[in-house]
Structures are given as C-alpha cells and as structure tokens.
Amino acid sequence: MNKAEVWPWEDKFGDYALVPVPKKETRGLLTMFYTYTGVLACIAVLWGGATLGTQFYLKDAVLVAIVGSAILSLIGGLTAPIGGISKCSTYVNLRPAFGNIGSQVWGTVVSGIPALGWFTVQTWLFGIIVHTLFPTAPWATVFAASIWGGILMLITAYVGFRGLAFFSYLAVPFFMLLAGFGVMIGIQQGGGFAGLAGIKPTSPAPFGVGVTEVVGMYVCGAIITADICRYATKIWHGAAAWIIQLMILQVYMLSGAAMLTLVTGEANVAGALLAAGAGVGAFLMAILGQWSTNDNNIYSTSLAINIWAPIKRRTIVLIAGAVGVALAALIASVWGGAMAPFQQFLMLLGKALPAAGGVLIADFWLYRWYKGERLGERYQFQPGMKFGKVNWVGWVAAIVATILGGWIITWGIACLNALILGVVFYIIIAIACDKAGVKIDLGEHIIDKTGA
Amino acid sequence: MEFKRYVKISSGILLIFPIVLLILAAIAWSENVYTGIIYLTIGVIQLVGMALIYPRIGKEEEIKEIGNKYVQHNWIVLSLGVTGCAMFLAPFFAVDSMAIPYAAFAVCVVSIVLSGFNLHKAVTEAKARLVV
C-alpha cells in the first residue's frame, strides 16, 4: 500500500511521534544535512575535542576522532535508512526489536535519559563558562552559576520559548568557525603543525578510551537518527547526510578543539578561548548556543517520557529539569571545573547505548532478511498491526551485550564491542528461537490509528 | 512573478556585502593573516551560499517553493553575519587600523538586517517554511 495515497493515521501526539510521516511532509538531502549539523554544532563538541587534547598527541587525537566518527557513521548509517523506510520515529521502530513495552523503556533509555544527562552536564559546563568570564564574582562560582543557569534554561524550556530553537540554526557556523579559531591558535602558538604534533598531552589515555568518548558524545544521536531521517524524501538521504556531517564536520571540530587545548594546556575550552583572545562576543554566542541546545535537551527528555507517562509535558519538564539542575549543582560542588565528570559521562554513554542500537540494526537488517522480508516491506506499520508487549530476545541481547562489551571485556574498543555483541547475541538467539519454535514475543499489543 | 523578481534583486544586493568582506580580507591579510582568513571564510561562504540561489530558482515557477529555497539561502547569510559580529572584534583578530574590523562588523550587521527582512518577506509573501 502506498502511504502517499492512503494515510490511515491520526497524529494525536503531534510531530508524527507515533505515526509515519506522510509523503507531503518529506524533505531533501540539504535539509537533512542542515538539521544534523544543527544538532552537531554545539559547544559540547568543543569540550569533547578539548578532552582529546588532554589525552592524546595531535596525530592520535585526529585518528581517535576519525575512528570514533567512523563507528558513529556505521551505527547511524544503518539506523538512518530504517527511518527512511518506515517513516516512523525511533520509538516506533524499536517495537519489533523490543516489544511495545520495550520500546517505551528502551526509547527512554536511548533518548530520554541521555538527554537529561546532557542537560545536567551542559548546565554544569554553563557554570564553568560563566565562572571563567567572571572569576571573582560570588554569583559566578561554578556551583552558583550552574544553579541559576539551569533554572533559566528550565524556565525557557517550560515556557516553550521558540526563539531559542531558531538560535540553534544561527549558531551553527559560529561553532564551526570557533573550531577553526582553535586551529588558528594551535598553529600560531604551537609553532605550526610540526610544533603542534610534538606537544605532549597532560593526561595520556589509551586509544580505545578516546574512541569510546567520541562515540559516547553522539551515540544517542546515532541510535535515534531515524527521528530526523524519517522526513527524508529518499531512503539514502538521511544516511548520506549523517555520514558527511560526522566524517567531515565532527572530525574537524574535535581536531580544532584538541589543538586549542594542546597549545594552551587548558582543558577548559572557555578558559582557553578567553586566554587566546576570542573576545566577549564569542563568549556570549557560546553561552546562547549552549542555552538553546540545553533547552532542547530537556524538551527531548519530556517527549521521550510523555509518550508513555500520562502526565502533562510541562510537568515532566519541571520535574526532570529540577533533577538535572540538582545533579549539575552536585557535580559543581564536588568537582568544580575539573573535567573528570565530563569524561566519565562520555564513557558511560559510549558503553551503555551502542548495544541497544546493535539490537535494532540486527532486527531490521539481519533478522527480517532471514525471515524473507524484502527491504521496502520491513517496518511498514499499519493500524491493527500486532506486536509483542515484550521481545525478550532484544532485552537479553541488549543487557548482556552492554555488560559484557562495556564493562567485562577489557580489550578492544568498548563501544564497538558492545555494538557487535548486541548484533551477534540478538541474531543468534532470535534465529535459534525461530528454529526451535520458541516465541520471542511475550504478550500482544495492537496499534490503533493514533499509533499508540 | 513579482516575488521571484524580488528574490533575484535582493539576492544581488546581498552579494555585495561578502564582496566587501573579501576586499577587507585582502587589506587585512598582510597585517594579521588570521583576520584575513576569517573574513575570507565568511565572505566566500556568504557569496557562494547566496549566489547558488540563482540556478536553484531558475526554472522554478511555484512561489512557495521559491520562498522555501530563498529561506535556506538567507539563513546561511544571516547565521554567518551573526558569526562575523561575534568574532570580528575579538582581540585575536585585531589589526593596527581598527577601522577594518569595525567596517567588517558593520557589513555583517547590514547583511543580518537584510537577510532577516528577506526571511520575513519569504514567510509572509510566499508562505515559505521558516524552519528549513
């Protein structure tokens, strides 16, 4: 059935959260690229690059950025076409692999909780930036600025001030050129590329740790990439836009920030920029850019929870936001401006999330192929379609792969281990169950025309 | 086809400002190569970003579609203008004659105002999407 001709849905939740995007709403490759770039270009990427600058020589930092971005390209390159084919959000696409209840739980795990984590971390980073600008002001300690900054961000998310969303668009070239500024400072103060290449990192780390940090920075986006590319006119548009922005723009931004940190020896991007003469205008832009991104983080958390929790979205924003601000204040009070919590946060995301993406990839690309479904027929959701409440194979594969790949196996690259194990466990158990006649779905859920 | 004509003329006017930036880049280059690079980067992206509107709307007849494309190109100019305003007066990009950074700053302010007006026009007249 052609969805362009017959669209039997009712978009009750808005933004096609539970139903396929109709053909008239689809957009081209350039729009996909703009949208992804808008997500990528934020100050957190520069903090991530700065972290690499404290851990690696320039050559290794660039290599880490390339390998990490390649892994993210692989994950996103395989999840993006799922959205392009199904035209549905990640939450809906998770149903076959995890079951209906599973999609609620895992949707929150891969999207809602990481977004809340980012809200917390960015609120704390906001505190660091403000403190860097006003180091002696009592209202600008990292602790105090994290609290009032977080409350301001929370208020704009609660009120739903849409002007901030537009600011995300405006800030894209700024952050790109800020990374370029890092390159310029690096070349000027480091004595050219040759001089830069010889600068020793202050806290060396293993290669795999760096790659997992890079993956952790954007793995949430890689898994939920269907949320954007379900709008793609052609199936390959989303994947192409995703891979281009990662392999070119992300590598460039990470490398630029790493150079800045290498020459200044300053893990605090804000401090390094100020010392290098970036000026107050750049700082104000950085603060506004961070504000707009963070506003969106808490909004994403509320969306992920609101789909299954019958509470007003604004109430969720308030509760989740209050938790985020409290956690940011806690981090600020314990660590102040030290970068350790940021590195640990990236590592946690890099270890905890790839396995769930692996399960989704395995179900769509391998298990459906094994079942004889043609590519265009996979994940074609319709009202009245039946799903299990829980796909236990997806749960077992994701949990076991996360624990094994992320924490027990100590060799290789943790994020890649978890991803591969997620794929392997799911496909082996699912096919074995199929051969043995064991059901992988528990219970039954029928979707109605609202997609619920 | 009044709107299409407006798009062509206003895009032509917007092409003037990046050219001015390129001239300023050439002047500043010998004093501070990084200042030259930043002006050049912003100028070239604005110039190419705006010039590409012509082939894209060449055969397009539907006013809304022209408006949607016009919005995309004006976002590029606007956002780069904002970036220029945030960066051009930074101490790192200072040159002996501060008239150059201030002139570059002023060029960016004008391009912001014009592209902002164009966005408004595209939304109100062509019913274009403000969000790309």
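Where is Lys127(B) found? Lys127(B) sits in the segment after α5 (99-125) of chain B. That spot gets picked up again further down, once the two chains have been introduced. One thing to keep in mind throughout: this is a predicted model.

**The two chains**

Chain A works out at 19 helices and four strands. Chain B has five helices and zero strands, so its run of elements from the N terminus is simply α-α-α-α-α. The table puts some whole-chain values side by side.

| Property | Chain A | Chain B |
|---|---|---|
| C-alpha span along principal axes | chain A: about 65 × 45 × 40 Å | chain B: about 50 × 20 × 20 Å |
| Buried share of residues | chain A: 59% of 452 residues | chain B: 44% of 132 residues |
| Share of contacts (separation of 6 or more) from residues 24 or more positions apart | chain A: 85% | chain B: 72% |

How does the radius of gyration of chain A sit against a compact globule with 452 residues? Such a globule would come out near 22 Å, and chain A has 22 Å, which agrees. For the 132 residues of chain B the value for a compact globule would be near 14 Å; chain B has 16 Å, and that counts as agreement too.

**Where the chains meet**

Across the interface, 19 residues of chain B are in contact with 18 residues of chain A. On the chain B side, the elements that supply two or more residues are α2 (33-51) and α4 (63-87). Of the elements there, α4(B) gives the most, with ten residues. What about the chemistry of that side of chain B? By class, the residues touching chain A split into 15 nonpolar, four polar and no charged.

**Two helix pairs in chain A**

Take α14 (residues 279-306) and α15 (residues 313-335) of chain A to start with. Their axes come within 9 Å and cross at roughly 125°. An angle of that kind is neither over 145 degrees nor in the 65 to 115 range, and α14(A) and α15(A) are therefore oblique to each other. The crossing of this pair is right-handed. From α14(A), the residues in the contact are Ile298(A), Thr301(A), Ser302(A), Ile305(A) and Asn306(A); on the α15(A) side they meet Arg313(A), Ile316(A), Val317(A), Ala320(A), Gly321(A) and Gly324(A). Sorted by class, this contact has five nonpolar, five polar and one charged residues.

Next come α2 (residues 43-55) and α10 (residues 207-223) of chain A, whose axes come within 11 Å and cross at roughly 175°. That angle makes α2(A) roughly antiparallel to α10(A). Here Val45(A), Gly48(A), Thr51(A), Leu52(A) and Gln55(A) of α2(A) make the contact with Gly210(A), Glu213(A), Val214(A) and Met217(A) of α10(A). The split for this pair is four nonpolar, four polar and one charged.

**A few single residues**

Leu303(A) belongs to helix α14 of chain A. Is Leu303(A) buried or exposed? With 23 C-beta neighbours inside 10 Å, Leu303(A) counts as buried. Leu303(A) and Phe13(A) lie 290 residues apart in sequence, yet their C-alpha atoms are 9.7 Å apart in space.

Trp365(A) has its place in helix α17 (residues 354-370) of chain A. Trp365(A) has 18 C-beta neighbours inside 10 Å and so counts as partly exposed. From Trp365(A) to Gly394(A) it is 29 residues along the sequence and 14 Å from C-alpha to C-alpha.

**Positive phi values**

As background, most residues other than glycine have a negative phi. Tyr379(A) goes the other way: its phi is near 55°, a positive value in a residue other than glycine. Tyr379(A) is located in the loop between α17 and β1 (386-387) of chain A, and it is buried, with 22 other C-beta atoms within 10 Å.

That brings us back to Lys127(B), in the segment after α5 of chain B. Lys127(B) is not a glycine either, and has a positive phi of about 55°. Is Lys127(B) buried or exposed? With 11 C-beta neighbours inside 10 Å, Lys127(B) counts as exposed.

Notes: Residues numbered from 1 in each chain as written. Chains lettered and ligands numbered in written order. Predicted model: local features only at pLDDT ≥ 70, side-chain atom pairs only at ≥ 80, totals over all residues. Contact = placed C-beta atoms within 7 Å. Nonpolar A, V, L, I, M, F, W, Y, C, P; charged D, E, K, R; others polar. Axes fitted to C-alpha atoms, helices over the stretch in contact; angles between N-to-C directions. Parallel < 35°, antiparallel > 145°, perpendicular 65-115°, else oblique. Left-handed = near helix turned anticlockwise from the far one by under 90°. Rg over C-alpha atoms; globule rule 2.2 N^0.38 Å. Buried ≥ 20, exposed ≤ 12 C-beta atoms within 10 Å, placed from the backbone.
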